[in-house]
Amino acid sequence: MSSHGTPIPMTAHRAGPLTGTAEVPGDKSISHRALILGALAVGETTVTGLLEGQDVLDTAKAMQAFGAEIETRGDTWHIHGVGVGGFAEPETVIDCGNSGTGVRLIMGAMATTPIIATFTGDASLNRRPMARVTDPLALFGARAVGRSGGRLPMTIVGASEPVPVRYATPVPSAQVKSAVLLAGLGAPGETVVIEREATRDHSERMLAGFGAQVVTEDTREGRVITLTGQPELRPQSIAVPRDPSSAAFPVCAALIVEGSDVLVPNIGLNPTRAGLFTTLREMGADLTYENEREEGGEPVADLRARFSPDLRGIEVPPERAASMIDEYPVLSAVAACADGRTLMTGVKELRVKESDRIDAMAQGLRAAGVEVQEGEDWWAVTGRGQGGVPGGVTVESRLDHRIAMSFLVLGMAAQRGMSVDDGGPIATSFPIFEPLMAALGAQIQRNEG
Ligand code: S3P
């Protein structure tokens, strides 16, 4: 089932060349943060380029439930924030839908305010681990009561006298880091997060933009981020760059569909997010960055991807995992069309995403005629070479947008196409995926009725 409706079965047929310009939507991670920090600032923040996908819309609704006023005028979102510590107690349960980022960041943002809130989500989100966030929030003085195994639905009782925290994240997770930093806003003194591997740093950048004091140091222990609590956040005017994780789909499709040449403009290329593009180039992809520049504190470029007949399997270094964690599913579709074996290690976090992404891709790829080996923390795809994937099967998308889109991309190059049982979840992050891909020349069909 889709997160917000009935299943939408879809098929991608093997297509002719993909050509043209792909204007992908705004960055999901930055969109969530713009709404949450806008709600915590004093006064009106404006946001353009916000991703209007279901995940982000759920976060906007949640911010309204905590007291922020939010309205849209044309393409601009206006957020009237209530200030750090100013969140009201929501009158209803907060439903974060499919979004781990939404729920974990919002839990952090309310945990050091003396209010109570109950969170829930769809079947995918309600299976995902929340202790990774509630453990550090308890150190601030917040309490959490949820289902067994630390699952949603869950109630958080915000700390009435929060204390600052020094916390080394046990898993490489920007959501955990961000939850701690957002909680740190409401605590007096310095909150410190230490991460062994650097994860996406949008929270740090945006907090600094809103006027918080955030200092990042790279040390032998790892990356140390120090936030000074109880700032007054100044409202901002934010232009959200386009999402590299969404750009990944037209880019990867262009590389494996014969004759393709696709331009994907204005893509955020924050180094903590751009690992996929480095990996693709190492595999022999014809992928170039044009017009490199900086916008709103984030590096940006136009990506040009052309059909690459000589892709070869590589070993993806484990230290790159955090910078491409959401892109392994679509990378595995490209790897299936390459010559040789692609080995991906240090990736056990993939098992606790919207689905167990190693299992979901491994099962679907095998059904499509591709050899996959896997362990808890690694997997390997043996490519069948250009045009060599048989396809022609229906696979489960498991309430996971990136699994659905990855198999549809594979279907564009597979001999007999590929079908997914439900493309509905695509709307969580990339609501214009179907028309955008169709405009490039892809043939994606809904198999309804
Ligand atoms: C995100 C962090 C990552 C990523 C997710 C977005 C964020 O999750 O997979 O899609 O915006 O902070 P983890 O923090 O679980 O690695």
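Helix 10 sits under quite a bit of cover in this predicted model: what lies over its buried residues includes helix 9 (328–336), strand 20 (371–375), strand 21 (378–384), strand 22 (394–395), helix 11 (401–413) and strand 23 (418–420). The helix itself spans residues 357–367, and its buried residues are Arg357, Ile358, Ala360, Met361, Ala362, Gly364 and Leu365. It helps to keep helix geometry in mind here: an α-helix has 3.6 residues a turn, so residues three or four places apart point the same way.

Now look at the two ends of helix 10. At its start, a side-chain oxygen of Asp356 comes to within 3.2 Å of the backbone nitrogen of Ile358. Just past the helix, Gly369 adopts a positive phi of about 100°. Asp356 also has a charged partner: it forms a salt bridge with Arg351, with the closest N and O atoms 2.9 Å apart. Of these two, Asp356 is partly exposed at 23% relative accessible area, while Arg351 is buried at 16%. Salt bridges that share partners also link Arg128, Arg200, Asp326, Glu354, Arg357, Asp400 and Arg402 into one network.

Helix 9, one of the elements covering helix 10, is mostly covered itself, with 9 of its 9 residues buried. Those are Tyr328, Pro329, Val330, Leu331, Ser332, Ala333, Val334, Ala335 and Ala336.

Step back to the charges for a moment. The whole structure holds 31 salt bridges. In one of them, the side chains of Glu282 and Arg320 meet at 2.7 Å, N to O. Glu282 is in helix 8 (residues 275–282) and Arg320 is in the loop between strand 18 (315–316) and helix 9, so this pair ties together parts that are 38 residues apart in sequence. Glu282 is partly exposed, at 34% relative accessible area, whereas Arg320 is buried, at 14%. Another pair is Asp302 with Arg293, at 3.3 Å from N to O. Here the acid, Asp302, is the buried partner at 11%, and Arg293 is partly exposed at 22%.

Zooming out further, the chain divides into domain 1 (10–26 + 242–446) and domain 2 (28–162 + 177–186). Their contact involves 16 residues from domain 1 and 17 residues from domain 2. The C-alpha centres of the two domains are 29 Å apart. Between them, about 1,300 Å² is buried, and carbon and sulfur atoms give 48% of that area. On the domain 1 side, Glu354, Leu399 and Thr428 supply 40% of what that domain buries against domain 2, more than any other three residues.

What about polar features across this interface? There are 2 salt bridges between the domains, and 10 residue pairs in polar contact. By class, the domain 1 side that touches domain 2 has 5 nonpolar, 4 polar and 7 charged residues. Glu354 turns up again here, with its side chain meeting that of Arg128 in a salt bridge at 3.8 Å, N to O.

Finally, try Thr45, which belongs to strand 3 (residues 42–48). Is Thr45 buried or exposed? With 0% relative accessibility, it counts as buried. Its side chain reaches the backbone nitrogen of Gln236 at 3.2 Å. Leaving aside residues up to four places away in sequence, Thr45 touches Gly38, Trp77, His78, Ile79, Phe210, Pro235, Gln236 and Ile238.

How values were computed: Residues numbered from 1 in each chain as written. Predicted model: local features only at pLDDT ≥ 70, side-chain atom pairs only at ≥ 80, totals over all residues. Heavy atoms only, no water. Helix = DSSP H or I, 4+ residues; strand = E, 2+ residues; numbered from the N terminus. Buried < 20%, exposed > 50% of the residue type's maximum accessible area, 1.4 Å probe, protein only. Polar contact = N/O pair within 3.5 Å; in protein donor to acceptor, adjacent residues only side chain to side chain. Contact = heavy atoms within 4.5 Å. Domains from an automatic or database assignment. Buried area = accessible area lost by both parts, 1.4 Å probe. Salt bridge = Lys/Arg side-chain N within 4 Å of Asp/Glu carboxyl O. Nonpolar A, V, L, I, M, F, W, Y, C, P; charged D, E, K, R; others polar.
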